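This briefing introduces a protein structure to a student in the first year of study. Please look at the sequence and the model before reading the points grouped by topic.

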Amino acid sequence: ANLFRKLRESEARYRVLTEHSTDIVINVDRQAILRFASASIRQISGSAPDQLIGRQVTTMLRGPDAGRVRGILDQIIAEPDQPHIHEFRAISRNGDMRWLETHSHAVMDDAGQVTGVVSAIRDVSKRKAHEERLTGLANRRGLDAELTARLASGVGGCLALFDLDHFKRVNDTFGHATGDEVLRRFAALARASVRDQDLVARLGGEEFAVVLPDISMNQATFVCDRLRRAIGDAGMRVNDQLIALTVSGGVASFGRDQTAE
């Protein structure tokens, strides 16, 4: 009786979280058939979850990146021990193009066999539009413009700089295509680790910066350490070999009397 009570309480908490979250939570099986969807899926599909259960998730998405979904699912199933973060474009129920960010994990049974994938999906269109308004890409010029604007506003905050450790060794050992994928992986994890109002910029090579407005040094240090640990936990598999990735970084606070430089 105690076990069933705990299960009911756990299910009730899960329902509250999924039904009231703006993030979309879905569960698909190995054949990409939708087995669960939170109520917020209406944002994209315009349909209630019970109208979508049993359908192929690949047939429910419209947009230029819809064809990538099956390959993403196959990758998650093939690497069940890894967290997976992806971005793709989808057309919402009212015809708008939206940028979506997914955080996914494989689901395994008691025997350790993958039975499906669970994903949390977030609309990051606002952040994408913000980055595009700066330069089209968040680069050094975009960073300078953002930091200058923040300084002029009088709202303090913090600036973090990151450098991927031993990146040249990755390029020399595995090739530049793998090096490019490492950079994309870092960028995805960085964007997933910060807030919507924060800006992630690539300064060049393996150097990155994050502008964190209206945040204390302690809070910024916590965010940056979360990113550091996420990079260390993620890794990347190339030809059955796992590349261990680490990153070094530093944080500084900024205020009105300082220059961007």
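Contact means that heavy atoms lie within 4.5 Å. The model discussed here is predicted. With that meaning of contact, and leaving aside residues up to four places away in sequence, L212 touches G157, C158, A160, V194, R195, D198, A220, V223, C224 and F254.

**Nonpolar cores**

- In soluble globular proteins, nonpolar side chains tend to be buried together.
- The largest nonpolar core has 30 residues, of which F162, L164, F186 and L212 touch the most other members.
- Two or more residues of this core come from each of β6 (157–164), α7 (167–174), α8, β8 (207–213), α9 (217–234) and β9 (236–238).
- Another core, of 25 residues, lies apart from it, and its members include I24, V28, V57 and A106.

**Helix α8**

- Helix α8 comprises 18 residues, 176–193, and should span 26 Å at 1.5 Å a residue.
- The end C-alpha atoms of α8 are 26 Å apart, which agrees with that expectation.
- The buried residues of α8 include T178, G179, V182, L183, R185 and F186.
- Also among them are A187, A188, L189, A190, R191 and S193.

**Cysteines**

- C158 counts as buried because its relative accessibility is 1%, and C224 counts as buried because its relative accessibility is 9%.
- Why is the sulfur of C158 not bonded to the closest cysteine sulfur, in C224? The distance is 8.0 Å, which is too far for a bond, because a disulfide needs cysteine sulfur atoms within 2.5 Å.
- By this rule, the count of disulfides is zero.

Note on methods. Residues are numbered from 1 along each chain as its sequence is written. This is a predicted model: local features need pLDDT of at least 70, side-chain atom pairs count only at pLDDT 80 or more; totals for chains, interfaces and linings use all residues. Side-chain values use heavy atoms; hydrogens and water are left out. Helices (H or I, at least four residues) and strands (E, at least two) are DSSP runs, numbered from the N terminus. The expected span of a helix is 1.5 Å times one less than its number of residues. Buried means under 20% relative accessible area, exposed over 50%, partly exposed in between (1.4 Å probe, protein chains only). A nonpolar core is a set of buried Ala, Val, Leu, Ile, Met, Phe, Trp, Tyr and Cys residues joined through side-chain atoms within 4.5 Å.
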